[in-house]
Amino acid sequence: MKRTEIKEALSLTCYGEKVNVRGWVRSRRGNKQVSFIALNDGSTINNIQIVADILQEGEQLSDTDNPKFTEESLRLITTGSCISATGYLVESMGKGQTVEIHATELEIYGTADPLTYPLQKKGHTLEYLREIAHLRPRTNTFGAVLRMRHHMAMAIHTYFHEHGYFYFHTPLITASDCEGAGQMFQVTTKNLYNLKRDKDGQIDYSDDFFGKMTALTVSGQLEGELGAMALGKIYTFGPTFRAENSNTPRHLAEFWMIEPEVAFIQKDELMDLEEDFLKYCVRWALNNCQDDLQFLNKMYDNSLISRLESVINTDFVRLPYTEGINILQEAIRNGHKFEFPCNWGDDLASEHERYLVEEHFGKPVIMTDYPKEIKAFYMKLNDDQKTVQGTDVLFPAIGEIIGGSVREESYDKLMAEIDRRQIPMKDMWWYLDTRRFGSAPHAGFGLGFERLMLFVTGMQNIRDVIPFPRTPKNAEF
Ligand code: 4AD
Ligand code: MG
């Protein structure tokens, strides 16, 4: 019989008709007369209940349309096992569920030994679940998070597609360090114990696969700019890699980034784009993920849904860095304690970002015009010669969710900055060519997909919003 997904089965009203569902057993309980199986197939957070009548002493096994099951045959239907269940759809008496299935046939696809199956009881800690990341998608929490992850990816592609952007694929293996922070993972086919060296003892990469030193990309932006200088509006959406040794709840060594790049826009339009895009994504979550959101709101964070609603209904604050520093210093004068200093020129720590967003303004902040020393080389220099046109978005509970900027389009100014930072020209000639041939004002940003996921799910740790997190000392699964 054709399988019906549980999400669909739960909405059926054709009582008395036969349906077939397949999935993983969440629990089985009952008594001597009847067994109740809660079945989940991942299509929805909701389980469907399968009711199996148990053959009583003296009764005969029959193959009528209302068969009973021996206790022995139900014994292997334990938590974690996978079954196919066929039966009549009946209106449910139990509270909270609309339909259930009165079983006529049960087939076991795979058993799960109750003594060793690690997901026995409900309420495992998130820390424990990280150790069994291969099985945690079967929990309610990770089912909800992973379905939402899919929906947010669809939101992103839909937004850009509907707004005339082209999905542009930038390389994952690269020879340039976009952010200039030196946090790259090298890519090599060389035998690391037997590296060829030149006469000065330097590694000779001419011998290596690409003939030069290469690494996994930290950002697709530089190539994205090349796309925007031809197609007008592009976006990337792919994995990025950073070897930053920061074991925090907001950093991954492998994360997904969305990077739109747009020709002919200026700072205000860039901020409009950042705000409009984020609101679209959050609205999408509210419109498409209600069941999962209700669950996460109930189990983890009862202000989640109201926080999402407040973000789409509020204007983001647009705040120059210098004013932000003034607010933070004022807070310090009024007795607020921060762990890290925040004088003009310092990179803000997440405690500072969160103070501004959560305590001072109570809404998202787009911070602009940062000191050039704390930002990457490609940002457009302001007339004051000290600040650059960065436009980071700071979010409640997250801190920095987007890093963006207007790009320096002047060849001379960009070249001067590359020189000043001693960035090797051999890595940059092709990027500079965009400024030599038909340069144009342009701007873009990068959204950390998992930071967005943290926001829309209310989860606290970035390791819990990606199926298989990569962090320092952790590449299991
Ligand atoms: O601020 P970042 O470093 O900006 C760039 O990479 C630019 N090239 C983007 C652009 O303008 N096209 O990173 C962008 C965003 C951050 O705001 C943050 O959300 C996320 O990427 N991010 C991380 N997310 C998870 N783990 C990490 N280690 C991250 N580092 C950055
Ligand atoms: Mg940043």
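Begin at ligand 1, where the surrounding shell is made up, by class, of nine nonpolar, seven polar and eight charged residues. Please keep in mind throughout the tour that this is a predicted model.

**Stop 1: the ligand and its shell**

Select ligand 1 together with the 24 residues that surround it, and then highlight the closest of them, which are Glu179, Gln221, Glu244, Glu259 and Glu400. Now turn to the individual polar contacts, starting with Glu179, whose side chain places a polar atom 2.6 Å from a nitrogen atom of ligand 1. At Glu259, an N or O atom of the side chain is 2.7 Å from a nitrogen atom of the ligand, while at Ile401 the backbone takes part, with a polar atom 2.8 Å from an oxygen atom of ligand 1. How much of the 630 Å² that ligand 1 exposes when taken alone does the protein bury? The protein buries 94% of that area. If you colour by secondary structure, look for strand 11 (254–263), strand 15 (399–406) and strand 16 (442–448), the elements that each give two or more residues to this shell.

**Stop 2: Glu400 and strand 15**

Keep Glu400 selected and follow the backbone on either side of this residue, which is found in strand 15. Glu400 counts as partly exposed, because its relative accessibility is 28% and that class covers values between 20% and 50%. Add Pro364 to the selection and draw a line between the two C-alpha atoms: Glu400 and Pro364 are 9.9 Å apart in space, although 36 residues separate them in sequence.

**Stop 3: strand 14 and its partners**

Select strand 14 (residues 387–395), which is mostly covered, with nine of its nine residues buried. Strand 14 runs antiparallel to strand 15, to which four bridges join it, and one place to look is Phe395, whose bridge partner in strand 15 is Gly399. Three residues lie between these two strands in their hairpin, and there Ala397 takes a positive phi near 70°. Strand 13 (residues 365–371) is also antiparallel to strand 14 and is joined to it by six bridges; here you can select Thr368 with its bridge partner in strand 14, Thr391.

**Stop 4: an aromatic pair on strands 10 and 11**

Select Phe237 and Trp256 next and show their rings. A pair of aromatic rings is described by the distance of the centres and the angle of the planes. For Phe237 and Trp256 the centres are 6.1 Å apart and the planes stand at 85°, an edge-to-face arrangement. Why does this pair tie together parts that are 19 residues apart in sequence? Phe237 lies in strand 10 (residues 233–241) whereas Trp256 lies in strand 11, so the contact links those two parts. Phe237 counts as buried, at 8% relative accessibility, whereas Trp256 is partly exposed, with a relative accessible area of 30%.

Widening the selection to the whole structure, a search finds 21 aromatic pairs. To see a cluster linked by ring pairs, select Tyr159, Phe160, Tyr165, Tyr167, Tyr235, Phe277, Tyr280, Trp284 and Phe445.

**Stop 5: strand 3**

Move to strand 3 (residues 48–53), where six of the six residues are buried, so the strand is largely enclosed by the rest of the structure. In a regular strand the side chains alternate between the two faces of the sheet. Show the side chains here, and you will find Ile48, Ile50 and Ala52 pointing one way, with Gln49, Val51 and Asp53 pointing the other. Strand 2 (residues 34–40) pairs with strand 3 in the antiparallel sense over six bridges, and Phe36 stands opposite Val51. Strand 5 (residues 99–110) pairs with strand 3 in the parallel sense, over three bridges, and Ile101 in strand 5 is the bridge partner of Ile50.

**Stop 6: a three-stranded open sheet**

Finally, select the open sheet of three strands in the order 7-9-8, with antiparallel pairing. Strand 7 (173–174) and strand 8 (186–187) stand at the edges with a single partner strand each, so one side of each is left without a neighbour in the sheet. Two bridges join strand 8 to strand 9 (residues 214–216), and Val187 has Thr214 of strand 9 as its bridge partner.

Conventions: Residues are numbered from 1 along each chain as its sequence is written. Chains are lettered from A and ligands numbered from 1 in the order in which they are written. This is a predicted model: local features need pLDDT of at least 70, side-chain atom pairs count only at pLDDT 80 or more; totals for chains, interfaces and linings use all residues. Side-chain values use heavy atoms; hydrogens and water are left out. A residue is near a molecule or strand if one of its heavy atoms lies within 4 Å of it. A polar contact is a pair of N or O atoms within 3.5 Å; within protein, one must be able to donate a hydrogen and the other to accept it, and residues adjacent in sequence count only if both atoms are side-chain atoms. Accessible areas come from the Shrake-Rupley method with a 1.4 Å probe; for residues, only the protein chains shown count as cover. Ala, Val, Leu, Ile, Met, Phe, Trp, Tyr, Cys and Pro count as nonpolar, Asp, Glu, Lys and Arg as charged, and the others, Gly among them, as polar. Two strands pair if DSSP finds at least two bridges between them. Rings of Phe, Tyr and Trp (its six-membered ring) pair if their centres lie within 6.5 Å; planes under 30 degrees apart count as stacked, over 60 as edge-to-face and the rest as tilted. Buried means under 20% relative accessible area, exposed over 50%, partly exposed in between (1.4 Å probe, protein chains only).
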